[in-house]
Every structure is written in structure tokens, then in C-alpha cells.
Amino acid sequence: MAGASAPKRQDTRKFFENLSGAGKSIAVLTSGGDAQGMNAAVRAAVRMGIYVGAKVYFIHEGYQGMVDGGDNIKEAKWESVSSMLQVGGTVIGSARCKDFRTHEGRLKAAHNLVQRDITNLCVIGGDGSLTGANLFREEWSSLLEELLQQGLIDEEATQRNSELHIVGMVGSIDNDFCGTDMTIGTDSALHRIIEVVDAIMTTAQSHQRTFVLEVMGRHCGYLALVSALACGADWVFIPEMPPEDGWEDNMCQKLSEIRSRGSRLNIIIVAEGATDRQGQHITSDFVKDLVVRRLGFDTRVTILGHVQRGGTPSAFDRILASRMGVEAVLALLEASANTPACVVSLVGNQAVRLPLMECVQMTQEVQKAMDEKKFDEAVRLRGRSFENNLSTYRLLSFRKADSELPNGEEEAGDEEQIDSSFNVAVMNVGAPAAGMNAAVRSAVRVGITEGHKMFAVNDGFEGFYKGQIKEIKWGDVGGWTGQGGSLLGTKRTLPGKHLDKIAEQMRIHNINALLVVGGFEAFESILQLYVARADYEEFCIPMCILPATISNNVPGTDLSLGADTSLNAIVETCDRIKQSASGTKRRVFIIETMGGYCGYLATVGGLAAGADTVYIYEEPFDIRDLQANVEHLTEKMKTSIQRGLVLRNENCNENFTTDFIYQLYSEEGRGVFDCRKNILGHMQQGGAPSPFDRNFGTKIAAKAMQWITRTLKESYKGGRVFANSEDTACLLGMRRRTLVFQPVAQLRDETDFVHRIPKEQWWLKLRPLMKILAKYKTSYDVSDSGQLEHVTRVRPKDSNTSTAI
């Protein structure tokens, strides 16, 4: 969550072949409250440990198992972690352990580890578990000394085990750990909450009810805040930012205003740790009674409870945990006596390592700030991602009365026009992607708040040149966040052939800025309009693209809207397909994914579903590779492993089709396994948007509208808007850790237009990771793995062009 300051890195690629685990022993344990995705982290750490030649042990039942020893500490084999990727909770068990808090308990634990020469610990848990691990490390040499004096171990064992290395991964659904954007389990918990909210909304709509939902988060409001943002809740209570005094009146007034504008329901979300400014607890029942007493609305309470911890991990959590598990083993191999215990985490989409105690201290400071009623400070300490969520929620939940909006001032002169009404058009282009509607809703509402008149264009550029353009109001986009597809309508038509008509429509409606939400076609479209600026003054306006496509093939961004929803659909289907074979004989599934020429869905879906092989266009393969893959899988199937999964991107090779690969595997695997094939098709494009896509769409659209407002003010001269520099036609993309506005003119050189993909794609570095977890020998470039960084306090003021998401 908190920003991390990265040291400058020379471009010396190093490969981890020279990092050997031979002679080392690593133990993996899960501790504290369970979280979905812990198993994926265990699996990755075990397999990476075995891969580098180390001995790997499970410690069952967390620290309790370490104290009790015996059968709780068992050596792990490659097969022991097979088929646990899709299981929620933690397979190796977790317990809250009182014994480990005592000196005697830690002494027993140390003895149990020394007996097995375990000097590397990989701890997956919350801040309590990680603090415990750090204390254990600090006491290690004195504990060994004590064991030696008691005659329980000899001098040689003391020498052999003189250093204890610890690496932590944060598993907690609350996302309450500073230094990391997302903790393992948070995304899955959001999935559970949003599934419930979506279900409740339909029944609330039927009966015109108000629902008060209580979600987990005793000290951290992340789940409440993000689910409120993702479902467009009317009010939210979080511990970090208690409501102002007199909130009861404000809330009731807002709820009744929403009803009077024609809405049939209200949703209020309460974090279990919510309080008012005086520190009095705000319970869901208190809120319900208040609404009933003041407004007489039919009101119900739903407490989600442990549902949020359960269920299968989302695609995001599986990838996060798999990347962290591998990173944790690398950190253990590189640790020395003077490196501090660290946590591995993700900032943006980049792996980082942070000193464990710095993160813990920062996390404790948040609580201290809350106790001292310094709420702004608490929000700031939570980090940029939390701060951004809060400011976006405030931006969207605050609606001025129509009379207060600047476009009420019809007779505004030129001087006032700057702060007054500009006409901004919003449209979708390309194939539908989940999250498009969330982005449009956010853009419309932020635009109205900023004083613009918002226009919706139906059916992409086809609708544009036919004049399907009409004003869109605040209420028109209510309830759009959770809807899949594109409610505005979208087409793949490019503007190139209809420039005259489009320019004419821009004149008729006096369009001063354009926001396009879409995929590769959206990029091509804005590029065409940018190039046509020389001939058409109408196109000399601020233009911005929000990348939205399941294929994730747009240049200038690491992630596109819709890709996360699609990955979840793929992973869920792969889980079901694998399960369909349970109890039958050994079976291999060949599955075809979408993505055009871009292998993102196949690769990242393969990593999340535990695929054995993934075929993509970006990594050419020939008949020898196919043969090696079949042989590898045949060997694997001769062990206790029952199922294999092979993913193939639809355009990876024109001759090695899905049928060809299916027939090849069927023939070569005869007698060992049989084959089935599935083409996933359009189910990858449908469905309700995932929490990530709802949020990402909401935040990038709000950011884009603020950029449009700024750019409009800068380019308003002599009574009109004129913007023709290249930085006024941009794509807003996520690059590593930040959101950046990039001119489309500059992105042209980074694009392979024939195959409709960027020339460089960050996710290709995840492929070796997937191969290692599938037991292939491969070279893995670790120059991009996390260097030890520090949790930063004072952040530089964000420039206009970038921010954390």
C-alpha cells in the first residue's frame, strides 16, 4: 500500500541458475486467520524450493505445529502440492498459538527445527504471525545457546544452524498490511462480498428496500470501501475515516434524495470496526434502526461473516500467491546474516521485497493515528491505493443539486465559460469487455461534478457518424457498475472512412472533448482522429482512451479493463473441467482460449489454473517442442498425478491447431492417458465484472475526466477549445506501479499493427515461472525480482501524469 522507493538498477540480467538451494532446508507454514490463495503460495514455495535443490518441509497447524514437532513437520514432495491451487483456506492448517508467545514454546520450536537442519522459514500470515517470526529470528542464537547448555543439541548442530532466515508473505483478507498493494486473499474476499451484493440488489429492487451490509475489517476499512466503490453503495462506514458529527441527518437526507430521484433501493456498507468521531461503535443494527425511525424505509441487515474467508481463490489471488511463493524462495536463497527479515509483496504489478519490521511499524502507526483521532493521517499511512479509493468514492458519492451545477448559468460570458460547461462525449469502441459500464458511469458522474455536460454516443463510431448522440444525466447511469457487456453499445467500426460526417456531428453537438473506452480499435480510432487533425479542426480537442479488452493487447498499458473478469471465467472453467475427470482414469485436457494473437489470457490463465503447457504466438514452437511436451506429460502421468491441462491461444500457430494438438496428445499418450478438448469461446467475454474490473474502471475513468478538465482549461483560448499538440490525444495506462497518460502518437512505434499487439509485453516474464511450477527446467531471469526496498513515509507529490491505482 505505501509507496516504495526503488533503487536504480543496472541492466545486468542475472539468472537464478547460480542460486542453488542444495544442502538447504526450507520450511513453509501458514499462520493466523486463513485466506484464499494461501495454498497457491504454499504450492509455489514448495515447488520452487524443490526445483532449486533444497529440501522442503511443511509445518502443519502453524506455529502450534512448530512447537509440537513430531508428525506436524513433514518433508514435502512435488506431488504433495498437486491439485491444491484451486482450494480455499489452507490445506496445511493454521492455528492461533499461545505457546509460541512464551519463551519455552519458542525454545521447543527451535529444537524441532534444528533436529531437521531447517534454517529457512517461509511464513504466510498476517502481521501478528510475521512479528512472531521476527522475534524468533532475533532470539535464535540465544535459543541455540540454551539448547546446547541443556545438552539437547551438540556443538556441530549449533554451527550448522547458526543463522535463521525468514521471509514473509502476507495472507490476510483485510488488506491491512502496509507496504503491499494487495495481500493474499483480499481479492477473493471482495469476490464473495460482490456476489452477495449483486444478489441482494435484485431482491431490494423488487421490494424497494434498504439493505445494511456488514463486512469484515475490525481495524481496516479496505473491504468495506472497495466493495462500496464496486457496487456504488449510497453510504459507507470505515474505521479510518469516521463520519462527521451530525452524520445521521446527512445520511438520511441523502438516502431520501436518492429515493426521490426514482431509485428503488439503498445499499449501506458497514465495516465491523466502524466508529463515530467519539469512538462509539456504529453497528449495522444501529444504522438499520436509524433509517427505519427517521425515514420509515423497509430495511434489512445482512452480516456476511465467514463467507468472506471461504470459497475458491480468485485468479488474481492465485497469480499473486504463485509469484510471491517463487519470490520468497529466491529471497531466502539470497539472504545473508545481515539482511533483515523481509516480506515479499506486489506494488502495482511488480514484485518487491520490504523489511518486515518497517512494514509492521507502519501498520501499527495506522492504528495509533486512529486511536489519537488523527484520521487524515491514518488514511495517508494506509498508502496511495487506499487514499485513491477513498477520494474516488467521495467524488462519485457527492452529487450537487442541479441548481448548483455550473451549467445552470446559461448566460455565462467567455470568462466564466472556463469553469463552466464544456460538452464531453463518452463512447465504447471494439468488442465488449466487463468493466466498460463502470467506467462510463464514473466518467459521466465525475464529468457532471466537474461542471461539464456529458453526451453518450451509442454504437461506437458507427453511431457517431449517424448522429446517435444524446445528453446523459447523473441518474441515467445508476446501477451500471455491476453490469457486464456495453450498455452504450459498441462496434468495431473505425472512424477513418467517415471523418466528414463525424466532424459534422462534432460541430452540431459542439463536442469539446472525447473519452473512448475500448480495445485495440479504440487505440487505432484515436490515432486516426489525431492524424486527421491537420484537415479537421473539429478533432483538435482533448481525446483520451481507457483500454478495455479481454485480450489485454493494447499498447501503453500492462492491464486492460475486462481481462481480470475474463481470467476468472477461464480459471473457473478449467477448475470445473479438471474436476469432471476426478475418479476416472488419467486424463489430459486441451483448452483453447481467446486473445487474438496476444497470449496474455492463455499464459496468465495457465499460471492461475496450474497448466502443464501453454502455447502462444509470442513464443514460437515447433514439432520438437510439442514432442518434448507430450513426453514430459507422459512421465508426469506415470506418477500419482491424474490430470493434465494444456492451454492454447486461438492464434498461436495456423498449422498446429487445437484439433492437431488434441490428436497428437491422444495418439502419443495412448495407454497412459486419454484426452478431451474444449474451446471456451464467448463465455470469456460475458459475465458480471469482477471487483477488480469495476474498481479499475471506476478509478481510471475518474482520473481521465480530471485530465480532460485540466486539458480543456489549458486549451481554451479566444472563446473556443483548440488542442492539437500530441499530448492532448492520450491513452491512460497502468505501467508497472503508476497510471500514466501517454500520447497515442508515441505509442505508434511500440505497436505491431499486423498482429494487433504491443512489441514488448511484461507478462512474458511470468512464463518461466509457469514452466518451473509445471516441472520444466528453464532459465528464469531474476534481475526483475524484488530488490530490498524501504517503506517510504514522505511521498513526492504525484505529478499530473501518474498515480498508484
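This is a dialogue between a learner and a teacher about reading a predicted model of a protein.

User: Before looking at any detail, how many helices and strands are there in the protein, and what is its radius of gyration?

Analyst: In this predicted model the protein has 25 helices and 29 strands. Its radius of gyration is 28 Å, close to the 28 Å that the globule rule gives for 805 residues, so the protein is as compact as a globular protein of that length. Along its principal axes the C-alpha trace spans about 90 × 70 × 50 Å, and 62% of the 805 residues count as buried.

User: Among contacts between residues at least 6 apart in sequence, what share joins residues at least 24 apart?

Analyst: The share is 80% of those contacts in the protein.

User: How should I read a sheet, and what is the strand order in the open sheet of seven strands?

Analyst: Strands of a sheet pair through backbone hydrogen bonds, either parallel or antiparallel. Here the order is S4-S3-S2-S5-S6-S11-S12, and the pairing is mixed. Strand S4 (73-75) and strand S12 (350-355) stand at the edges with a single partner strand each, so one side of each has no neighbour in the sheet. On average, and with direction ignored, neighbouring strands of this sheet are turned by 25° against each other.

User: In which sense do S3 and S4 pair, and which helix packs on the sheet?

Analyst: Strand S3 (residues 55-59) pairs with S4 in the antiparallel sense over three bridges, and the bridge partner of Tyr-57 in S4 is Glu-75. Helix H4 (residues 127-149) packs on the sheet, where it touches strand S5 (120-125), strand S6 (165-170) and strand S11 (342-347), and its direction makes about 175° with that of S6.

User: What is the order of strands in the open sheet of four strands, and which are its edge strands?

Analyst: The order is S20-S21-S19-S22, with parallel pairing, and the edge strands, each pairing on one side only, are strand S20 (613-615) and strand S22 (674-679). Neighbouring strands are turned by 20° against each other on average, direction ignored. S20 and strand S21 (residues 643-649) pair in the parallel sense over three bridges, with Leu-647 in S21 as the bridge partner of Val-614.

User: Which helices touch or lie across strands of this sheet?

Analyst: Helix H19 (residues 563-579) packs on the sheet, touching strand S19 (587-593), S21 and S22, and its direction makes about 160° with that of S19. Helix H21 (residues 623-637) lies across S19, S20 and S21, running at about 160° to S21.

User: Is Asn-568, which lies in helix H19, buried or exposed?

Analyst: Asn-568 has 11% relative accessibility and therefore counts as buried. Leaving aside residues up to four places away in sequence, Asn-568 touches His-191, Ser-314, Ala-315 and Ser-690.

User: How do I find the buried face of a helix, and which residues of H8 are buried?

Analyst: An α-helix has 3.6 residues a turn, so residues three or four places apart point the same way. In H8, the buried residues are Trp-247, Met-251, Cys-252, Lys-254, Leu-255, Ile-258 and Arg-259. Seen down the axis of H8, these buried residues fall within an arc of 160°, so they line one face of the helix. Their cover includes strand S7 (210-215), strand S8 (235-237), strand S9 (266-271), helix H9 (284-295) and helix H13 (384-397).

User: What span should the 14 residues of H8 have, and what comes just after H8?

Analyst: At 1.5 Å a residue, helix H8 (residues 247-260) should span 20 Å, which agrees with its end C-alpha atoms being 20 Å apart. Just after H8, Gly-262 takes a positive phi of about 105°.

Definitions and conventions. Residues numbered from 1 in each chain as written. Predicted model: local features only at pLDDT ≥ 70, side-chain atom pairs only at ≥ 80, totals over all residues. Heavy atoms only, no water. Pairing = 2+ DSSP bridges. Helix = DSSP H or I, 4+ residues; strand = E, 2+ residues; numbered from the N terminus. Axes fitted to C-alpha atoms, helices over the stretch in contact; angles between N-to-C directions. Contact = heavy atoms within 4.5 Å. Expected span 1.5 Å × (residues − 1). Buried < 20%, exposed > 50% of the residue type's maximum accessible area, 1.4 Å probe, protein only. Arc of directions from axis to C-beta. Rg over C-alpha atoms; globule rule 2.2 N^0.38 Å.
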